[in-house]
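Work through the following exercises with the sequence and the three-dimensional structure at hand. Each task is followed by a solution that goes step by step.

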Amino acid sequence: MAEGNNVLMGILAIILGILLMAFPLIGVFTASIITGLGIIFIGIWLIAHSFGTWQANKAISIVSLILGIIGIIVGIGLFGKIVAFSIFASMIIYLGGFFLIITGIIAFFSGAGSSPKLRGLSGILLGILYIIIGLYALNPFYLGALIGIFLLLEGIFMIFLPKAE
């Protein structure tokens, strides 16, 4: 039964991927709403947490309150705002690329583990690829298409690759 579920999820991912590639702004808009709501809910939870921890630890309570307020502001800023979400996603991809490059350089020169030069070089190349993708993610049309391509590939992999046990 799990195999049939895998195929069904793969087909759904392929359909969603094709829809996102055809209508990229709708996908980015939806993602911005979901992300904005998620961050708003986390902010509300942090504010509620700050009131609950006031008696036990005032410093933690104040930090939770400040983070909750920031979370609500960021969530409102992302909610339904396509350009803001594209910038946010692009910054995260850039950051991932820089981390991959730095860890690739460390692995390349550390000499520890198996084939450090190959691991280091692959980290550096993947980091550069992330930065290039981050440039495209600034444009909402390309971001929607990138998400669509990811879903399409994920759907194909879910259908045709064997499931890990």
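**Exercise 1. State how many aromatic pairs the structure holds, and describe the geometry of each.**

The structure, which is a predicted model, holds two aromatic pairs. Rings of Phe, Tyr and Trp (its six-membered ring) pair if their centres lie within 6.5 Å, and planes under 30 degrees apart count as stacked, over 60 as edge-to-face and the rest as tilted. Phenylalanine 108 and phenylalanine 109 form an edge-to-face pair, with 5.1 Å from centre to centre and 85 degrees between the planes. The other pair joins tyrosine 136 to tyrosine 142, also edge-to-face, at 5.3 Å centre to centre and with 90 degrees between the planes.

As for the basis of these values, this is a predicted model in which local features need pLDDT of at least 70 and side-chain atom pairs count only at pLDDT 80 or more, whereas totals for chains, interfaces and linings use all residues. Residues are numbered from 1 along each chain as its sequence is written, and side-chain values use heavy atoms, with hydrogens and water left out.

**Exercise 2. Classify phenylalanine 108 and phenylalanine 109 as buried, partly exposed or exposed, and find the lysine that lies over the face of phenylalanine 108.**

Buried means under 20% relative accessible area, exposed over 50%, and partly exposed in between (1.4 Å probe, protein chains only). Phenylalanine 108 counts as partly exposed because its relative accessibility is 26%, while phenylalanine 109, at 64%, is exposed. Lysine 117 lies over the face of phenylalanine 108, at 4.6 Å from the ring centre; for such a contact, NZ of Lys or CZ of Arg must be within 6 Å of the ring centre and within 35 degrees of the ring normal.

**Exercise 3. Determine which helix supplies the largest share of the nonpolar surface patch.**

The patch covers about 1000 Å², and its residues include Val83, Leu135, Tyr136 and Tyr142. Patches are made of residues with over 30% relative accessible area and no salt bridge, like charges being joined within 9 Å and nonpolar side chains (Val, Leu, Ile, Met, Phe, Trp, Tyr) within 5 Å. A salt bridge is a side-chain nitrogen of Lys or Arg within 4 Å of a carboxyl oxygen of Asp or Glu. Helix H4 (82-110) and helix H5 (116-137) each supply at least two residues of the patch, and H5 gives the largest share, with six residues. Helices are DSSP runs (H or I, at least four residues) numbered from the N terminus. Leucine 135 is found in H5. Tyrosine 136 is partly exposed, with a relative accessible area of 45%, and tyrosine 142 is likewise partly exposed, at 45%.

**Exercise 4. Check the span of helix H2 against the expected value, and place threonine 30.**

The expected span of a helix is 1.5 Å times one less than its number of residues. The 29 residues of H2 should therefore span 42 Å, and the end C-alpha atoms are 42 Å apart, which agrees. Threonine 30 lies in H2 (residues 24-52) and is partly exposed at 37% relative accessibility, whereas the buried residues of H2 include Gly27, Val28 and Ala31.

**Exercise 5. Find the C-alpha separations of valine 63 from isoleucine 47 and of isoleucine 62 from alanine 89.**

Valine 63 lies in helix H3 and, although 16 residues from isoleucine 47 in sequence, is 9.5 Å from isoleucine 47 in space, C-alpha to C-alpha. Isoleucine 62, in H3 (residues 58-78), is 27 residues from alanine 89 along the chain, and their C-alpha atoms are separated by 29 Å. Alanine 89 is found in H4 and counts as buried at 14% relative accessibility.

Notes. Accessible areas come from the Shrake-Rupley method with a 1.4 Å probe; for residues, only the protein chains shown count as cover.
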